[in-house]
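Colleague: I should like to review how the labels in this model were assigned. Please justify each one against its criterion.

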Amino acid sequence: MKAARQRIAALTAYDYPMARLLDEAGIPIILVGDSLGMVVLGYPDTTHVTLAEMEHHLRAVARTRPRALVVGDLPYHTYQSPEQAVSSAQRLVAAGAEAVKAEGGRDILPQIRAIQSVGIPVIGHLGMLPQHVLEEGGKYRVKGKDDAGRAKLLDDAAALAEADLPAVVLELVTPPVAREITAQFPFATIGIGSGPDCDGQILVTHDLLGAFPWFTPKFVQPKLTLGEDVRRVVREWAANL
Ligand code: KIV
């Protein structure tokens, strides 16, 4: 799609109906993201999500047998060594993932190569890494703002390009650096809060639909008010029994 200059749309799904709706709408990539920890399971961040929870939600999504590529997130602390990364990735594939996503760059290259060596495609994730939010003092910070930040991102992107990754999510990367990475490397960049110049965009579907009204990232303009609508419809129904 990058070569054909087609914009790549990707969205998250964690269950059968949403995956089916996204697939019927022609979305080519469905991510069973560990964002499910917050928008479905009620955790404060993604570090609490387990492999068993990812498998459970992947199975529900895979039951739709979508045309879309199903990508599963490797959760926090499940790819700390190459051996652990392979075993975790194989569990996600057994649950229905066709590719796995891992957060990090040069630091996780051995894990990425190990997963690839057993025939599982890996999608990268650079920029703000939600699984490291606690190490960053609980703040989701934009990356690439200064020379050191830009150089680190470019070095990590080069490492992922060396590993021949097909696509890399760029989360909260400054738009000029996201543009530079997109122009310089062969992998498709899928941006989230990283400006308009990535090869594609991804959102947490709950954010797009206003289905998690208690928190909306600054860079998202929800297209529906699902949370409010649910409250209103339920109140009206209950009042008219
Ligand atoms: O977990 C997730 O949903 C993600 C996207 C925000 C890219 O990683």
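Colleague: Why is Phe187 called buried?

Modeller: The relative accessible area of Phe187 is 1%, and buried means under 20%, exposed over 50% and partly exposed in between, with a 1.4 Å probe and protein chains only; Phe187 therefore counts as buried. Phe185, at 10% relative accessibility, is buried by the same criterion. This is a predicted model, in which local features need pLDDT of at least 70 and side-chain atom pairs count only at pLDDT 80 or more, while totals for chains, interfaces and linings use all residues. Residues are numbered from 1 along each chain as its sequence is written, and side-chain values use heavy atoms, with hydrogens and water left out.

Colleague: What makes the rings of Phe185 and Phe187 a stacked pair?

Modeller: Rings of Phe, Tyr and Trp (its six-membered ring) pair if their centres lie within 6.5 Å; planes under 30 degrees apart count as stacked, over 60 as edge-to-face and the rest as tilted. The centres of Phe185 and Phe187 are 5.6 Å apart and their planes stand at 5 degrees, so the pair is stacked.

Colleague: Why is the pair of Phe212 and Trp214 called edge-to-face?

Modeller: Their ring centres are 5.0 Å apart and their planes lie at 80 degrees, so the edge-to-face label applies. Trp214 itself is exposed, because its relative accessibility is 63%. The structure holds 2 aromatic pairs.

Colleague: How do you know that Asp199 and Lys2 form a salt bridge?

Modeller: A salt bridge is a side-chain nitrogen of Lys or Arg within 4 Å of a carboxyl oxygen of Asp or Glu. The N to O distance between Lys2 and Asp199 is 2.8 Å, so the criterion is met. The pair links distant parts of the chain, 197 residues apart: Asp199 is in the loop between strands E7 (188-192) and E8 (200-203), and Lys2 is in the segment before strand E1 (8-12). Helices (H or I, at least four residues) and strands (E, at least two) are DSSP runs, numbered from the N terminus. Asp199 counts as buried at 13%, whereas Lys2 is partly exposed at 22%.

Colleague: Why does Glu24 count as exposed, and what is its salt-bridge partner?

Modeller: Glu24 has 53% relative accessibility and therefore counts as exposed. Its partner is Arg20, with the closest N and O atoms 3.1 Å apart. Both residues lie in helix H1 (residues 16-24), 4 residues apart, about one turn of the helix. Arg20 is partly exposed, its relative accessible area being 41%.

Colleague: How many salt bridges does the whole structure contain?

Modeller: The search finds 13.
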